[in-house]
Amino acid sequence: MKKIILGLLVVMSFSAFANLNGKWTGWGEWKFQGSGASCYTFLNFTENDKVLKRHETAFDCQVAVLHILEEAWEKQGENLVINGEVVGSVQNDHYVMTEQYDENVTIKTEINVEGNHLDYKEMWYDQGQELYEITGRLFRKQ
């Protein structure tokens, strides 16, 4: 009985601390003004207790490719920080980041990690109006 309880505690502790660390691949959709294109997607992150780093990645939608640039966020508790400014958060397995593409365009990304997969949603806004919606389900590569 003690071995079963210890085994459950070990499994529960690993699932409670899921993170984005690693390479992820899957499929998604890039919508523009209601129309969508299917995309092959891959993401690559390095995460520890101090930093979350996104490596340069892409959403390949055949007719267009979205290159996602490298970025690193300092982790301060639940906050994600760049240059002293809070630009996101990490709460359990839920990540939220806001980036400024240019003076008019803002990108808000939400990522939910569950086991070996993640759900990805990236919204682009031009002066508050929705420009793009990019979604995907990706799986951790072994």
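**Exercise 1. Partners of strand β2**

Which residue in β4 does phenylalanine 42 stand opposite? Then find the other strands that pair with β2, and say how they run.

*Solution.*
This is a predicted model.
Step 1. Start with the residue named. Phenylalanine 42 stands opposite alanine 58 in β4.
Step 2. Widen the view to the two strands. β2 and β4 run antiparallel, and 3 bridges join them.
Step 3. Move to β3, residues 51-54. Here too 3 bridges join the strand to β2, and the two run antiparallel. Phenylalanine 45 stands opposite arginine 54 in β3. The hairpin from β2 to β3 passes through 3 residues.
Step 4. Turn to β1. It is joined to β2 by 11 bridges, again antiparallel. Lysine 31 has glycine 36 in β2 as its bridge partner. The hairpin of β1 and β2 has 2 residues between the strands, and glutamine 33 takes a positive phi near 50 degrees there.

**Exercise 2. An aromatic pair across two strands**

Classify the ring pair of tryptophan 27 and tyrosine 40. Then follow the rings onward from tyrosine 40.

*Solution.*
Step 1. Count first. The structure holds 7 aromatic pairs.
Step 2. Take the geometry of this one. The ring centres of tryptophan 27 and tyrosine 40 are 5.7 Å apart, with 75 degrees between the planes. Planes over 60 degrees apart count as edge-to-face, and this pair is edge-to-face.
Step 3. Place the two residues. Tryptophan 27 lies in β1 (residues 22-32) and tyrosine 40 in β2 (residues 35-47), so the pair ties together parts 13 residues apart in sequence.
Step 4. Check exposure. Tryptophan 27 is exposed, at 60% relative accessible area. Tyrosine 40 is partly exposed, at 37%.
Step 5. Go on to the next ring. Tyrosine 40 and phenylalanine 42 have ring centres 6.3 Å apart and planes at 40 degrees, so this pair is tilted. Phenylalanine 42 is partly exposed, with 34% relative accessibility.
Step 6. Look for a cluster. Trp30, Phe32, Tyr101, Trp124 and Tyr132 are linked into one by ring pairs.

**Exercise 3. The disulfide**

How many disulfides does the structure hold? Describe what is joined, and where.

*Solution.*
Step 1. There is 1 disulfide.
Step 2. Cysteine 39 is joined to cysteine 61, with 1.9 Å from S to S.
Step 3. Read the handedness. The link of cysteine 39 and cysteine 61 is right-handed, with 90 degrees about the S-S bond.
Step 4. Locate both ends. Cysteine 39 is in strand β2, while cysteine 61 is in the loop between β4 (57-60) and β5 (65-68), so the pair ties together parts 22 residues apart in sequence.
Step 5. Are these cysteines buried or exposed? Cysteine 39 and cysteine 61 are both buried.

**Exercise 4. The two faces of β10**

Sort the side chains of β10 (residues 105-114) by face. Then name the strands that pair with β10.

*Solution.*
Step 1. Recall the general pattern. Side chains in a regular strand alternate between the two faces of the sheet.
Step 2. Apply it. Val105, Ile107, Thr109, Ile111 and Val113 point to one face and are buried. Thr106, Lys108, Glu110, Asn112 and Glu114 point to the other face and are not buried.
Step 3. Pair β10 with β9, residues 94-100. The sense is antiparallel, over 7 bridges. Threonine 98 stands opposite lysine 108 in β10. The hairpin of β9 and β10 has 4 residues between the strands.
Step 4. Pair β10 with β11, residues 117-126. They run antiparallel, joined by 10 bridges. Isoleucine 107 has tryptophan 124 in β11 as its bridge partner. This hairpin has 2 residues between the strands, and glycine 115 in the turn has a positive phi of about 65 degrees.

**Exercise 5. The nonpolar core**

Which element gives the largest share of the largest nonpolar core?

*Solution.*
Step 1. Size the core. The largest nonpolar core has 26 residues. Leu43, Phe59, Ile111 and Leu118 have the most contacts inside it.
Step 2. List the contributors. Elements giving two or more residues to this core include β1, β2, β5, β8 (85-91) and β12 (129-140).
Step 3. Pick the largest share. β10 gives 4 residues.
Step 4. Zoom in on isoleucine 111. Beyond its neighbours within four places in sequence, isoleucine 111 is in contact with residues including Leu20, Phe45, Met97, Leu118 and Tyr120.

Note on methods:
Residues are numbered from 1 along each chain as its sequence is written. This is a predicted model: local features need pLDDT of at least 70, side-chain atom pairs count only at pLDDT 80 or more; totals for chains, interfaces and linings use all residues. Side-chain values use heavy atoms; hydrogens and water are left out. Rings of Phe, Tyr and Trp (its six-membered ring) pair if their centres lie within 6.5 Å; planes under 30 degrees apart count as stacked, over 60 as edge-to-face and the rest as tilted. Buried means under 20% relative accessible area, exposed over 50%, partly exposed in between (1.4 Å probe, protein chains only). A disulfide is a pair of cysteine sulfur atoms within 2.5 Å. Two strands pair if DSSP finds at least two bridges between them. A nonpolar core is a set of buried Ala, Val, Leu, Ile, Met, Phe, Trp, Tyr and Cys residues joined through side-chain atoms within 4.5 Å. Contact means heavy atoms within 4.5 Å.
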